[in-house]
Amino acid sequence: MMNRKDFLRRAGLAGTAVLVSPHFALAQVGRPKSTLKFVPANALTILDPIITTAAVSITHGYCVWDTLFGVNGKLEPKPQMAESGVASTDGKTWTIKLRDGLFFHDGQPVRSKDCVASLERWSKRDVSGIALAKVVEAYQTPDDRTLVIKLKSPFPRMLHVLGKPHSSPAFIMPERVAQTSPTQAITEIIGSGPYRFVAKEYVPGSKVVYEKFEKYKPRVEPADWTSGGKVVNFDRLEWVIITDASTAANALQNGEVDWLETPLPDLIPVLKGNSNVKVGINDPYGLIGVLRFNSSQVPFNNPKVRQAVWEAVNQTDYMGALGLEKNEYEVCHSNYPCGMPGVKNGISGKPGGLEKAKKLLKESGYKGERVVILNPTDSANLAPFGPVTADLLKRIGFNVELQDMDWGTVTQRRTSKEPVDKGGWSIFHTTWPSVATGDPLLNTNVRGQGQAGWFGWFDDPQTEQLSNDWLNAPDATQQQKLFEDAQRRAMDTMPIVLLGKFITHNAMRKTLAGNVQGSAPYFWGVRRT
Amino acid sequence: MLNYIVKRIAATIPVVIVVGLFIFGLLFVAPGDPATILAGEQATAQDLAQIRQELGLDRPFLVQFFEWSGQVAQGNLGRSIFSKQPVTVLIAQRLEPTLLLMALTMVISVLVGVPLGVIAAFKHGGRLDTFVMSASVLGFSVPVFVVGYILAYVFALQLGWFPAQGYTPIAEGFWRAVRSLTLPAIALSGVYSALIARTGRAAMLDILSQDYIRTARAKGVSQWTVLFVHALRACGVPLLTVIGMGVALLIGGAVVTETVFSIPGLGRLTVDAILQRDYPVIQGVVIFFSFLYVLVNLVIDLLYTFVDPRIRY
């Protein structure tokens, strides 16, 4: 008869054997072939891509919703949900015809009224939409497939604006959903995109699940950025939120997930060394690092002081602080992202160096006022910038205080218009996708809207006039000239300092192929080989 | 006994009220504002003001507090500002992995810590005692995330025996669930094993010098029986206290372990809510924890009566 000691010993051995058996390897069992497991760079917390510019919400947006127009790799607008988009001779009437056979995930057909409600809501939040709304006289819907936009004055960039790929795209929602207040998040996640959101499996901060929308009708052209056919090759898309970079890399190497949006730069060599993983580039236009001044408070209300900082900035220091190699970034002497159409690197020359910066600071009359830098230590892309800037400013001769905090506190602190001794701020850092800041309308960084504008409240009527003139330019030549004038103005006034343009990598299993590049990860085209 | 239980449960009410007031006040004065996170990069001052109004954040502190207290009294912990899901649902989603991780960690810690403590006490002053005590110092000192990374590298990445991350719900198989939490539980159990081993050793050293132990030995009782039947039972109270403390701490969420192994537990829910300033979730989770802590303490106190018959309520 077995005694207690023997029983415990045998049970322990049996349990261990069961646990370690390769047949129970999570990587292999229980996952159908047509599931794609993706690890986003950030957790998805806001499901409404209209009320936020968060990149992860826009990626989510492209799963669930579609847009009237998309863009190709050259950022040229192309019809997507639209069959066509035509302007009248005087430019004051745009007629957009919807493709046949478009449905929402609830089975209802997409109608022009849905487009009107969606565009009205979007144009109350988005910077391009706000510019469009200023000239819209009326939306008309002569039939369910036709949308007519009547304008007070011509708006030549209509299709660019309707097709913008980022921050924020003009996603089309059902009318009842789009009638939600633009400052409140929608509660029904219903679109006409290639995937439908599976609400009952959503675990905030942990998992997001989408299923292929069988009634989605992709275009016939090949996919190119957000234009062309959005052909989905997976029945199920799961976003697995893994906040630890090493764990995410391990999970990819172990085959537990298929695709990491943005591995840490330090881990790229490890991933490249794995025979089952390949590393690619996300967005060829990249991101820009930005140092934003509070132009409404001393000392940075003085353009000469801002200029002094620019003269001393060495972008290689900032890019190196992010752990990037030389082939992963570009030094960009502009306040617009280099590499974007029409942007001239070095249009106003190059920085003169530390000594020139010191000289300019002295000439500016700077009296040693305290400079407060808000530094988010929980952001891998931003935390390194704070100490680099603090050190740089001290070397120029500023009185600097670097305040470390989390991003949530930064977003609150930067709304303060008070002086620094009452909780205000002088500098914060951020990053932007190049495509989100690539022209005088979009580039929130340099717009001179003053108190009504972006944090930092840079006020420059001339910049605003240039933006308006550019938007209404009669032809491409004049538009480019105005764009260059705007670029020079941005360097003369220096509302920000650009800290470098850099690319980010993705990593995926070698069994995946066909992924489409863009300013966000797109889940059409990609397939398992 | 029943009276005692009822009194202890009733005592949770003032505890919850005090905790609620404290956490509400703390969030009110702390920097950060969910409206600014919700509003996005290009929000105007008017957008922010409107969002704050819609969320009720512009109302006076006492108005907000009493409204929230009234909801909590009815069992309604509110909704997440961001996901719009009820806080009770969010907690329920995260409870299973947290409870299973806690149980697994304590099982491993007890199975490792208790025998080590007993052996160390028995071999007091010898090489085995020194080894156990040194190992327990390592258990306290080495950060959990370091242990976690090493375990993941060896047992997940190299050997492929366990997953590197994630949690498999019990509904998909109990043993699969256990397997998905084995490495995190081992990583976490280092600290608790060390604590239990040292507490057990200290208690055992005291017990082993007692007269009745000498009598048992003199009567020819085997060493195993002396240690694990007579002596260990007498150490039950201090060991239960340490185990109870460990359970209470683990319920709060092993945040670092949950982050390293990407486990969707209560710890990560709390941290994510704090970073986003998701006030209803933070408040709801803290209230839930305070209630649970009181419950765990009650259970431990009741277990004392089984371990030591002299204790009666």
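Within chain B of this predicted model, confidence bottoms out in helix 3 of chain B, with a mean of 76, and peaks in helix 8 of chain B (residues 144-158), at 93. Taken as a whole, chain B averages a pLDDT of 86, with 98% of its residues at 70 or more. For the complex, the predictor reports an ipTM of 0.84 alongside a pTM of 0.87.

Chain B splits into domain 1 (15-73) and domain 2 (88-307). Measured out between C-alpha centres, domain 1 of chain B and domain 2 of chain B sit 36 Å apart. The two do meet: 13 residues of domain 1 of chain B make contact with eleven residues of domain 2 of chain B. On the domain 1 side of that contact, helix 2 (12-29), helix 3 (34-39) and helix 5 (61-73) of chain B each put in at least two residues. Helix 2 of chain B is the top contributor there, with seven residues. Sorted by class, the domain 1 side comes out as ten nonpolar residues, two polar and one charged. Helix 3 of chain B, then, turns up twice: as a supplier of residues to this side and as the place where confidence in chain B is lowest.

Then there is the contact between the chains, to which chain A brings 47 residues and chain B brings 50 residues. On the chain A side, the elements giving two or more residues are helix 1 (4-20), helix 7 (245-253) and helix 13 (407-413) of chain A. The make-up of that side of chain A is 21 nonpolar, 21 polar and five charged residues.

How values were computed. Residues are numbered from 1 along each chain as its sequence is written. Chains are lettered from A and ligands numbered from 1 in the order in which they are written. This is a predicted model: local features need pLDDT of at least 70, side-chain atom pairs count only at pLDDT 80 or more; totals for chains, interfaces and linings use all residues. Two residues are in contact if their C-beta atoms, placed from the backbone, lie within 7 Å. Helices (H or I, at least four residues) and strands (E, at least two) are DSSP runs, numbered from the N terminus. Ala, Val, Leu, Ile, Met, Phe, Trp, Tyr, Cys and Pro count as nonpolar, Asp, Glu, Lys and Arg as charged, and the others, Gly among them, as polar. Domain bounds come from an automatic or database domain assignment. pLDDT is the predictor's confidence in each residue, from 0 to 100.
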